[in-house]
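Colleague: I have a model open and would like to learn how to read it feature by feature. Could you walk me through it?
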There are 2 protein chains.
Amino acid sequence: MSTMIFRGNERITALSPRDRGLMYGDGLFETLRASGGEIPWWSLHWRRLQDGARRLGLQMPDEALILEAAKTLLDQHPQVLKIVLTRGESGRGYLPEAGPGTCILSTHALPSPMPRPLSLHWCATPVARQPVLAGMKHLNRLENVLARRECADAGHAEGLMSDSDGHVICATAANVFLYADGQWHTPDLSLCGIAGIARARLLDMLPEIRIGPVTRMQVEKAEAVFLCNAVRGIMAVHRVGSVSVPGHTALDALQQRFLGAHPFFAEM
Amino acid sequence: MSTMIFRGNERITALSPRDRGLMYGDGLFETLRASGGEIPWWSLHWRRLQDGARRLGLQMPDEALILEAAKTLLDQHPQVLKIVLTRGESGRGYLPEAGPGTCILSTHALPSPMPRPLSLHWCATPVARQPVLAGMKHLNRLENVLARRECADAGHAEGLMSDSDGHVICATAANVFLYADGQWHTPDLSLCGIAGIARARLLDMLPEIRIGPVTRMQVEKAEAVFLCNAVRGIMAVHRVGSVSVPGHTALDALQQRFLGAHPFFAEM
């Protein structure tokens, strides 16, 4: 069995076609790396889910219950667990009613490894600025879907997305970091983008990092660029658009430290 | 029976928890007014659904099949039909795979009538500018959900939403029109907002209307303001925030013409 659905704390067998997750993308999700039946970053993901649920006003299920269900699903040691939390079922109309949320757990194989060398597309699909939703891993992800298709059409496995002012925000399914002038930089996500869990772990390891606006020119002139997410860890970037990224020992050192702290990413 | 689900042109019994409509809001919807088992604006809604599907790259089911299913659902004369079209089921990951879409039909009662006099809230939740998605009635509707909750918290049934530049775009579930200086005005929706079917019908009736940026001050100084959607038709507005709307015979005349052309809205 690879999927379980809960309505509040009650196990149910099928998803209602009137679930607000489907009707309006009214919910959140988490994609967690599992290893040997364990979920090393469970607490971080659960906390982000709680934060998002508080911002959107969603009801959370019981953590122990969901963790136990997740462990059952991980019995065969799949390496990816996905949690979707929605506002649950309701009638037609945007007005949210208070009621139990829907929580869907599913397990997945690791995705195919990223091509190496990794070359990124510059996505034309922008990331819309929406401070009310910024940072959250919510279910309104049409932008990412369209940008990801653009990458595929251009023959790339990933690409960088920028906001309406041309500031680089993220990859379609990862956060982005760059090294220039002896310093790490990563985009500010207070207006848009998803504040990833791998990003948060890396910010802890890089207390001197500059979080601020990142321009396309900064990316093109960077000495090292990498993407990161909670499934793949750090992905070194070798080319962005038509520009080669030279690489820097600071990235090699960071990758070593990161793998040392989180060895399960070596399985990728 | 009040719900039918199709996978492509094949009737299915349950919605997959891996449907991309749920996972990413990767789809579209239409809300259609029905009357006496008929759907007066079917062709307009279907055409908008086709336009959106082309923009997103979704596969459409057969029109005759879905219309026949809709007519079956409308046997008991419910007055609202909702169509949700998604990209269908897929594995994890944003990349869309080509495959049959999911089409969900459901019927609903008319919503409660709008309070009269109708007073609008100024929503703090902005509408994000996203030209790639502008105009479409897609499933990424968290903004509308949050704005609608704001209205309810403030004791209002509806409210006006503005973009990041302060331009008024729409109500949470309706388009907005205003009358000032002898002329009708309605917001330009090329950067954000949903291009409603009732709006399109009204644009046909008002060839002299000005479609352009609309400021909050223009709304507050307007002689008449109304909202419109395909379920409720024209809703005259009597107050916006703390400002009373005086009203104008141009609105009375428009309402009469509109009801004359589309008499089923008199049932509301």
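Colleague: Let me start with strand β7 of chain B. Which residues lie on each of its faces, and are they buried or exposed?

Modeller: This is a predicted model, so we read burial from neighbour counts, where 20 or more other C-beta atoms within 10 Å make a residue buried. On one side of β7(B) sit B:Glu158, B:Leu160 and B:Ser162, on the other B:Gly159 and B:Met161, and all are buried, with both faces covered. Put as a count, 5 of the 5 residues in this strand (158-162) are buried.

Colleague: Which strands pair with β7(B), and in what sense, parallel or antiparallel?

Modeller: Look for bridges to other strands. With β6(B) the pairing is parallel, over 3 bridges, and B:Leu120 stands opposite B:Glu158 there. With β8(B), residues 168-171, the pairing is antiparallel, also over 3 bridges. In that pair, B:Met161 has B:Cys170 as its bridge partner.

Colleague: What should I notice about the connections on either side of it?

Modeller: Take the two in turn. β6(B), α4(B) and β7(B) form a β-α-β unit that is right-handed. The hairpin of β7(B) and β8(B) has 5 residues between its strands, and B:Gly166 in this hairpin takes a positive phi near 85°.

Colleague: How do I read a positive phi, or an unusual peptide bond?

Modeller: The background is that most residues other than glycine have a negative phi, and most peptide bonds are trans. Two residues of chain B go against the first habit. B:His77 has phi near 60° and is found in the loop between α3 and β4 of chain B. B:Asp181 has phi near 55° and is found in the loop between β9 (175-180) and β10 (183-187) of chain B.

Colleague: Why does B:His77 count as exposed, and why does B:Asp181?

Modeller: The cut-off for exposed is 12 or fewer other C-beta atoms within 10 Å. B:His77 has 11, so it counts as exposed. B:Asp181 has 10 such neighbours and is therefore exposed as well.

Colleague: And which residues are joined by a cis peptide bond?

Modeller: In chain A it is A:Arg116 and A:Pro117, with omega about 0°. A:Pro117 is found in the loop between β5 and β6 of chain A. In chain B, a cis bond joins B:Arg116 and B:Pro117, again with omega about 0°, and B:Pro117 is in the loop between β5 and β6 of chain B.

Colleague: Let us move to a sheet in chain A. In what order do its strands come?

Modeller: To read a sheet, follow the strands from one edge across to the other. Here 5 strands form an open sheet with antiparallel pairing, in the order β2-β1-β5-β4-β3. The edges are β2 (10-12) and β3 (27-33), each pairing on one side only. Neighbouring strands are turned by 25° against each other on average, ignoring direction.

Colleague: What lies on that sheet, and how does its edge strand β3(A) attach?

Modeller: Helix α2 of chain A (42-56) packs on it, touching β3 and β4, and its direction makes about 175° with that of β3(A). Helix α3 of chain A (63-73) lies across β1, β4 and β5, running at about 25° to β5(A). As for the edge, 7 bridges join β3(A) to the antiparallel β4(A), and A:Thr31 stands opposite A:Lys82.

Colleague: How do I judge the overall shape of chain A?

Modeller: Compare its radius of gyration with the value for a compact globule. For 268 residues that value is near 18 Å, and chain A has 19 Å, so the two agree. Its C-alpha trace spans about 55 × 40 × 35 Å along the principal axes, and 48% of its residues are buried. The chain has 7 helices and 15 strands.

Colleague: Finally, how many residues of each chain are in contact with the other?

Modeller: 49 residues of chain B are in contact with 48 residues of chain A. On the side of chain B, the largest share is 8 residues, from α4(B). That side divides into 24 nonpolar, 15 polar and 10 charged residues.

Key: Residues numbered from 1 in each chain as written. Chains lettered and ligands numbered in written order. Predicted model: local features only at pLDDT ≥ 70, side-chain atom pairs only at ≥ 80, totals over all residues. Contact = placed C-beta atoms within 7 Å. Helix = DSSP H or I, 4+ residues; strand = E, 2+ residues; numbered from the N terminus. Nonpolar A, V, L, I, M, F, W, Y, C, P; charged D, E, K, R; others polar. Pairing = 2+ DSSP bridges. Axes fitted to C-alpha atoms, helices over the stretch in contact; angles between N-to-C directions. Rg over C-alpha atoms; globule rule 2.2 N^0.38 Å. Right-handed = clockwise from strand over helix to strand, strands pointing away.
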